[in-house]
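User: I would like to learn how to read a helix and a strand in a model. Could you walk me through it?

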Amino acid sequence: MNYAIEYYETPNLWVLPRVINTITMHATRSGKRLTPTQEYDSTVNHFQNPDSQASTEFVVGPGVVAVFVAKGQPHNFEAAWRYAHWHLGLGFTAQAKSTVGIEVVQSFPDDKFDPNVMDTVAELLAEISPS
């Protein structure tokens with residue numbers, strides 16, 4: 001593994017039984033002219049904020065992955081998968097039961113993805129995909 005892992009707690013999730021069969025990837029797209037590292041930091045802060053009513057299992061930046069877990073849970077990938085995160089929106093509990101969310105930093109739709117970010121995405125997918 002060639003990326004750093006940072007663990008964060010989020011209150012924005014549901015306690016639901018889960019069977020994961022889908023990975024959903026979103027671009028963060030803050031709409032601000034930020035570096036990939038600044039976009040990563042901004043996105044992590046957003047998902048830690050209870051008022052955002054949003055969360056995800058993973059945020060991928062250049063050489064770093066933020067993993068979100070419920071308060072008091074162990075800091076590992078399995079804890080991130082234990083609860084249904086709100087990356088699809090509050091009305092999507094059924095989909096959240098089976099989906100893991102990955103947010104990939106990209107400030108604007110017309111920005112090219114940073115190659116270091118995409119390398120990190122590829123490594124994360126290899127790590128979390130079933131063998």
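Analyst: Let us take a helix, then a strand. This is a predicted model, in which local features need pLDDT of at least 70, side-chain atom pairs count only at pLDDT 80 or more, and totals for chains, interfaces and linings use all residues. Residues are numbered from 1 along each chain as its sequence is written, and side-chain values use heavy atoms, with hydrogens and water left out.

User: Which residues of helix 1 are buried?

Analyst: An α-helix has 3.6 residues a turn, so residues three or four places apart point the same way. In helix 1 (residues 36-48; helices are DSSP H or I runs of at least four residues, strands E runs of at least two, numbered from the N terminus), the buried ones (under 20% relative accessible area, 1.4 Å probe, protein chains only) are Glu39, Tyr40, Thr43, Val44 and Phe47. They cover an arc of only 135° around the axis (taken from the directions from the axis to the C-beta atoms), which puts them on the same side of helix 1.

User: What do they pack against?

Analyst: Their partners are strand 1 (4-9), strand 4 (58-61), strand 5 (64-69) and strand 7 (99-104). Tyr40, for one, has contacts (heavy atoms within 4.5 Å) that include Tyr8, Val60 and Val65.

User: And strand 7: which residues lie on each side?

Analyst: In a regular strand the side chains alternate between the two faces of the sheet. Here Thr99, Gly101 and Glu103 occupy one side and Val100, Ile102 and Val104 the other, and all are buried. With six of its six residues buried, strand 7 is largely enclosed by the rest of the structure.

Conventions. Expected span 1.5 Å × (residues − 1). Buried < 20%, exposed > 50% of the residue type's maximum accessible area, 1.4 Å probe, protein only.
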